[in-house]
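Visitor: Could you take me closely through one part of this model, namely its salt bridges, and say where the paired side chains sit?

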Amino acid sequence: MSCGSIIKKLQPKHVTHRHGQMCPAHGLSKPAERRTSIKEKSKSQIESKSQDTVPTSATPTEKSENTACQRPNGIPLLRESSSLLPPSQPVVLRSGKKEDISKETMLILNRSGLRQDNTSRKPLSRIGVRKTRLANLTSEQSMSSKKPGESESESGSDHVKELTSESDVLGLDIFDDALWDTDLNSEIKPPYDHSGRSAYITRCKRLGATPISYFLRHMEDNKLDLRYHGLGGKGTSAVTPTLATSCHVQKLDLTDNNLNRSGGLALCEMIKENCFISELVLSSNKLTTCVPDLCNAVIRNDTLTHLNLSSNDLNDSSASSLALLISNARKLEYLDISHNNLENKSGKIIGPALPESSSLKHLNMSWNNIRSNGLEAIGTGLKNNDTLTYFDVSWNGIDKNAAKTIGEALKSNSTLEHLDISNCRINAESSVLIAFGIGSNSSLKVLKMIRNPMEGSGCYAICAAVLRNQNSVIEHLNFQHTHVDKDFEDLLNKVKEKLPDIKVIYGCQEAPKKPKAVIHPMARLVRYLDDNNIRLADCFGTFDEDGSMTVTHEEFIKGIESIGLKLDDAQKVFLLNEMDRDGDGEIDYSELVRSRMEFKAKANSAEYLFPKMHVQSDP
């Protein structure tokens, strides 16, 4: 396309006819006359501007057209270039409002990158550019529309109100792509933290809780121990969302964190979502008010097998929820509700739930306030239960009726292996009723009846029942703190003949103490030499009287005693066997050096530092 064709297309007010001739009826007859007219008009505009003779009646649009028709260097711009723009240009503002921008308004925007004072444009931020353009435009419009005698403040305020909608448009540079927000300009988001640490810190800030550094370091461990961290309701609400999606933690201990109701409810939501935690310890957290929600969450969980609710002030109001948990939990195998305030009413509610249990194997109800009627209902439930292997009701109260029920349960039950009825006020008569059940039981292995006032006659009745039972598999009987007589000891000897591996504790007998650990003799020898700053060669020289660099066993023991190092017979024999590696009956200096070097290399090993020593005869 030629330049003449472009110029012809830039003529909005004249009609172009064939052969490039201008119609005389539309203003000019020849292109030369038109160019002369444009040049004269541009010259007159420059002169009028230099003389500051801008008419007060000129509108902002007319002034914009005048200033847009020439460049700062004096070269006139083609006024007709505005014909390239459509009559109006729809623009969507940031506020969501759609405005039509006229072509005169678009010409106001300076696309040349230069100011009217022939200075280069200084790079500004987006907000700075918009504010500067809006201020310049408002100033020019207020000056052009100012009437004679009108103050500047009065005219400026009116025009600001009139141009409120258009000023938003004029503050945008529609030719600058950087000003438009698109998906391509969106900020790059940081990578997602799969560990949950950043999300945990964010929740702590939002809830006003202090982040736990131990949890941040060990949140991916198999066993997470958060005992005594004082989580409270806020801390638990921050921790549980991370645990709900954790696939690492399988054992969680939250002992003594004062969770209360708010923390307990947050924990319930975690239990419903998590499918990896199998052991959960919640002792000493005051969860009385949220026991129903907690039991429902455990019932819905398919992986939790161990639950500890001890020392949570559970009372009779919690018994119905616990009974529902025992009868409906599909995976729960271990339940600890000890050290609570459960009473007879709780026993009557929990007892009938025992036969309905399909998974529970370990039940601890010790240290409660359950007495005769309550334990009688529990004994009836135990009679028809076929899943429990461990049952602990110690530190409660068993009277004659409850003892009779427990004895009947032992006759019928074929799965129970461990029964603890210690400190339950069982007298001699009640122990005889329990013995009737033991005489027919073929599954019980451990029976603990510690601190019961049943005296020697009660212990005698239990041992006699074991002796009569041909199918008895009893391995451990504990009558500790119960005084017995000679008749019981004679009967016990017969029981041991029948069951050689049985272990019976009675009277004031205490469990055998572990032998005191004996430190390695070489350690004592090395410590003595270091404390007294004695070289090993000098020490060996005092043992070697003949200077042969070898000493017999007798010379070595005599030398150790001469330097003041006291060893018993077992330590002496052990030390000689360690140093005499070839077993020739003599210890040379090289063997002593090797023994010392070996000791220093293995000094961090507990098995080496504290060996088991036995007295042996001296070779």
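Guide: What follows goes through the salt bridges pair by pair. The model is a predicted one, and a search of the whole structure finds eight salt bridges. In general, side chains of opposite charge can pair when their charged atoms come close.

One such pair is formed by Asp302 and Arg330, whose side chains meet with an N to O distance of 2.6 Å. This pair links distant parts of the chain, 28 residues apart: Asp302 belongs to the loop between helix 12 (291-300) and strand 6 (306-308), while Arg330 belongs to the loop between helix 13 (319-328) and strand 7 (334-336). Asp302 is partly exposed, at 44% relative accessible area, whereas Arg330, at 52%, is exposed.

Another pair lies within a helix: the side chains of Asp490 and Lys486 form a salt bridge at 3.4 Å, N to O. Because they are four residues apart in helix 19 (residues 486-498), about one helical turn separates Asp490 from Lys486. Of these partners, Asp490 counts as partly exposed with a relative accessibility of 34%, and Lys486 counts as exposed with 58%.

There is also a network, in which salt bridges that share partners join Asp225, Arg227 and Asp253. Within this network, the side chains of Asp225 and Arg227 meet at 2.9 Å, N to O. Asp225 is partly exposed, with a relative accessible area of 21%, where the cut-off for a buried residue is under 20%; Arg227 is likewise partly exposed, at 36% relative accessibility.

Note on methods
Residues are numbered from 1 along each chain as its sequence is written. This is a predicted model: local features need pLDDT of at least 70, side-chain atom pairs count only at pLDDT 80 or more; totals for chains, interfaces and linings use all residues. Side-chain values use heavy atoms; hydrogens and water are left out. A salt bridge is a side-chain nitrogen of Lys or Arg within 4 Å of a carboxyl oxygen of Asp or Glu. Buried means under 20% relative accessible area, exposed over 50%, partly exposed in between (1.4 Å probe, protein chains only). Helices (H or I, at least four residues) and strands (E, at least two) are DSSP runs, numbered from the N terminus.
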